[in-house]
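Trainee: Can we go through how the helices pack in this one?
Mentor: Yes, pull it up and we will take the pairs in turn.

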Amino acid sequence: MSGQRGERALVRPHVVTEGRAHPTRNTLDVATVVLATWAPVTGLSPEKRRVMELCRGGALAVAEVAAHLKLPTSVTKVLLSDLLDSGHIESRAAVRETEVPDQQLLQKVLDGLRALT
């Protein structure tokens, strides 16, 4: 009996992703933030509709979506990449890349601070 439970757990993610093991995009990591657009949810699978419900409540990280869905992160990334491709969600990097400060500006700040002491 316990073997059947393990087999079901393996089948479900395969079914959810329509047999695909990899997302169409390689831009999602566990900290990527996703937001729902107001695209209609008609025609979406139950899991994708659930993602839309979750993300309409506010921005969530990929890891949070996976936890709410109780699905592996890899499966969640496949679902999210499909929704990105269809325009149902948008993604944002969790942390914005910062520009390297101008060396001359830093030197002026340092000189100014030294002048104060």
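Helix packing

Mentor: This is a predicted model. Helix H2 (residues 46-56) packs on helix H3 (residues 62-69) at an angle of about 125°, and their axes are 11 Å apart.
Trainee: What do we call H2 and H3 relative to each other, oblique or roughly perpendicular?
Mentor: Oblique, because roughly perpendicular covers 65 to 115 degrees. The crossing of H2 and H3 is right-handed.
Trainee: Which residues meet there, between H2 and H3?
Mentor: From H2, Glu47, Arg50, Val51, Leu54 and Cys55; from H3, Val65, His68 and Leu69. By class, the residues of this contact are 5 nonpolar, 1 polar and 2 charged.
Trainee: Ok, next pair. At what angle do H3 and H4 cross?
Mentor: At roughly 105°, and the axes of H3 and H4 come within 9 Å. H3 and H4 are therefore roughly perpendicular to each other.
Trainee: And which residues in H3 and H4 meet?
Mentor: Val62, Val65, Ala66 and Leu69 in H3 meet Thr73, Thr76, Lys77, Leu79 and Leu80 in H4. That contact has 6 nonpolar, 2 polar and 1 charged residues.
Trainee: Switching to H4 itself. How far does H4 reach?
Mentor: H4 spans residues 73-86, 14 residues, and reaches 20 Å from first C-alpha to last, close to the 20 Å expected at 1.5 Å a residue.
Trainee: Which H4 residues are buried?
Mentor: Val75, Thr76, Val78, Leu79, Leu80, Ser81, Asp82, Leu83 and Leu84.
Trainee: What comes just after H4?
Mentor: Glycine 87, with a positive phi of about 85°.

Technical notes. Residues are numbered from 1 along each chain as its sequence is written. This is a predicted model: local features need pLDDT of at least 70, side-chain atom pairs count only at pLDDT 80 or more; totals for chains, interfaces and linings use all residues. Side-chain values use heavy atoms; hydrogens and water are left out. Axes are lines fitted to C-alpha atoms, for helices over the stretch in contact, and angles run from 0 to 180 degrees between N-to-C directions. Helices (H or I, at least four residues) and strands (E, at least two) are DSSP runs, numbered from the N terminus. A crossing is left-handed if the near helix is turned anticlockwise from the far one by less than a right angle, and right-handed if clockwise. Contact means heavy atoms within 4.5 Å. Ala, Val, Leu, Ile, Met, Phe, Trp, Tyr, Cys and Pro count as nonpolar, Asp, Glu, Lys and Arg as charged, and the others, Gly among them, as polar. The expected span of a helix is 1.5 Å times one less than its number of residues. Buried means under 20% relative accessible area, exposed over 50%, partly exposed in between (1.4 Å probe, protein chains only). Angles under 35 degrees count as roughly parallel, over 145 as roughly antiparallel, 65 to 115 as roughly perpendicular and the rest as oblique.
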